[in-house]
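Here's a quick tour of a model you can rotate while you read. We'll start with the surface, go through the overall fold, and then stop at a few individual residues.

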Amino acid sequence: MKRLWLVSLAIGMVMAFSASAWAIDLKVSGSFYAAGVYLDKISLKKTNEQSTAFYYQKLRLKTEFIVAPGLSVVTTANIMERAWGANRSAPSTTLDTVGIYTTSAATRAENENIGFDHAYVSYASPIGIFRVGYMPDYIGGTIFHDNETPAGKITYTLPRENIILGIQLVKVADKSYTATNNTATQTDHDTDKVQAFCKYSNKNFEGGLIWLYANDAANRTNPDSISIKSKFHSMQPYVKATIGPVKIQAELDYYFGKLAQLESNAVYIDQKLNSLAGWLDAVATFGPVYVGYTFAYSQGQGSDGDTVNVYAGGGKDWSPTLIMWNSDRSYWIGNINGYSNGTSSGTARFGAEMTNAFFHQLKVGLKPTDQLDISLSGAYARADKLNGLNATQTAFGRLIGLQDLSGYVSKDYGTEIDLTGTYKINDNLSYMVGFGYLFTGDYFKANNANAEVENDYMFINKLTLTF
């Protein structure tokens, strides 16, 4: 009898302590990919013949703990994001990046094991949706100019039939005195943003406007002993529409304000920000055949000494080609460089993001079945401007990756032909193979007209699972 009582008591205690946990529902979603890539040349110089080939993978896991109707906790983690058999990255405190953009709330070494990007509370109240915590930032509108980056945010969204309104308070960087930053000597040393948006949508149309105001004091002191603050705005109208067989997307991104407002007696002058980028993408579908055209523009650096123009670009999330500007290629291989004009920031390169360019792309595709998609595209890119940097622009250039293009002999980036095929094995699993060939332009000769550049090509195959 005593044994039965003890067993009953134990079962009762387990049920009591587990009652709250049993009230929680768990939703799990995510994606996994494994890919193999071969790049024939890691440099576009005639003198470099080195190639590279390797496999890599990534598991992206999203969990949503539903505590009550409308109330949940959401987390997202990167797991085993690494090249097969490659050396692990050294532990550090630097967050993972693609090009100049932070891409994760974890370091690269952490993402090669388990690194968390997002953790936030979401509450759908009678007066709107509130979210608090680390969540995706720098996204919205179309995929053009998106640079998805985790950030600490407080967001409020008000959906009303066809209209959605929202506002976000974003902590981009905090350098306040804390237990882990106990050498801080300044009070105002943070970077903050306020973002607001409105969106209207119906069955065949979506249009909206995103406004941003940034107050950046993170560079009040820097290696050049220049104390500066940045205060600027951006306006980003966009539209998505379906007109018969044609789907159209377009976005305009305009930045203006003060990129560098001097607070010291340095000899440099203030830097104004005046930067423009835009994108138009149209695809027409006729049965199993589709054709499309893409145009993109990112303003190049002008000759005005007190103005920075190279700020609005295509974004790392928009990868129109396999080689030219592709965030996967940039993350796993790095920049593809040409020659240098001899200055510290004068190397010709393809990075993760399209900047200082006119971009045109034609594509044609065939979907003979619901499972198979074959696409052929041709892209041509040309630089907008080839100006050098003055002393002021050089001093601030490292903040946004300004390039010194003085003396460059050509604006021609080159032409790329891409052929890809994607087979949908089932609703969750697909396999892609691709081949890209780059006809390298003379831009990569930098300031030496007699330099020789090489064409380049890439093979890639990728297995993707979504769940």
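The protein chain exposes about 23300 Å², and carbon and sulfur atoms supply 59% of that area. Accessible areas here come from the Shrake-Rupley method with a 1.4 Å probe, and for residues only the protein chains shown count as cover. Before going on, some housekeeping: this is a predicted model, where local features need pLDDT of at least 70, side-chain atom pairs count only at pLDDT 80 or more, and totals for chains, interfaces and linings use all residues. Residues are numbered from 1 along each chain as its sequence is written, and side-chain values use heavy atoms, with hydrogens and water left out.

**Overall picture**

The protein chain has four helices and 23 strands. These are DSSP runs numbered from the N terminus (H or I of at least four residues for helices, E of at least two for strands). The C-alpha trace spans about 95 × 65 × 50 Å along its principal axes. What does the radius of gyration say? The protein chain has 25 Å, which agrees with the value near 23 Å for a compact globule with 467 residues. That radius is taken over C-alpha atoms, and the globule rule is 2.2 Å times the number of residues to the power 0.38.

Of the 467 residues, 42% are buried; buried means under 20% relative accessible area, exposed over 50%, and partly exposed in between (1.4 Å probe, protein chains only). Contacts (heavy atoms within 4.5 Å) reach well along the sequence: among those with a separation of 6 or more, 62% join residues 24 or more positions apart.

On charges, the mean positions of the 39 positive and 42 negative ones are 5 Å apart. Lys and Arg count as positive and Asp and Glu as negative, while His and the chain ends are not counted. Each charge is placed at NZ of Lys, CZ of Arg, CG of Asp or CD of Glu.

**The core**

The largest nonpolar core has 55 residues, and those with the most contacts inside it are Tyr56, Trp325, Phe350, Phe359, Tyr413, Tyr443 and Phe444. Strand β1 (residues 25-39) gives the largest share of this core, four residues. A nonpolar core is a set of buried Ala, Val, Leu, Ile, Met, Phe, Trp, Tyr and Cys residues joined through side-chain atoms within 4.5 Å.

Tyr56 sits in strand β2 (residues 52-68) and counts as buried because its relative accessibility is 3%. Beyond four places in sequence, Tyr56 touches several residues, including Tyr33, Val37, Trp84, Trp332 and Ile460. With the same sort of neighbours set aside, Tyr443 is in contact with a list that includes Ala348, Leu386, Tyr408 and Tyr413.

**Loop residues and a histidine**

Met324 is in the loop between β16 (307-308) and α3 (327-332), and at 0% relative accessibility it counts as buried. Its contacts outside four places in sequence include Phe350, Gly351, Phe359 and Leu438.

The loop between β22 (429-440) and β23 (456-466) holds Ala446, and Lys445 is in the loop between these strands too. Buried or exposed, at 14% relative accessibility, is Lys445? Lys445 counts as buried, and it touches Tyr339, Val409, Ala451 and Val453, leaving out residues up to four places away. Ala446 is buried as well, at 0% relative accessibility, and its phi is near 55 degrees, a positive value in a residue other than glycine.

Glu161 has a positive phi near 55 degrees too. Glu161 lies in the loop between β8 (149-160) and β9 (163-173) and, at 83% relative accessibility, counts as exposed. For background, most residues other than glycine have a negative phi.

His233 lies in strand β12 (residues 228-243) and, at 26% relative accessibility, is partly exposed. Outside four places in sequence, His233 is in contact with Trp211, Leu212, Tyr213, Tyr254, Tyr255 and Phe256.

Here are some pairs with their separation in sequence and their C-alpha to C-alpha distance in space.

| Pair | Apart in sequence | C-alpha to C-alpha |
|---|---|---|
| Met324 and Gly351 | 27 residues | 7.7 Å |
| Lys445 and Leu44 | 401 residues | 9.1 Å |
| Tyr56 and Lys462 | 406 residues | 9.4 Å |
| His233 and Ser406 | 173 residues | 29 Å |
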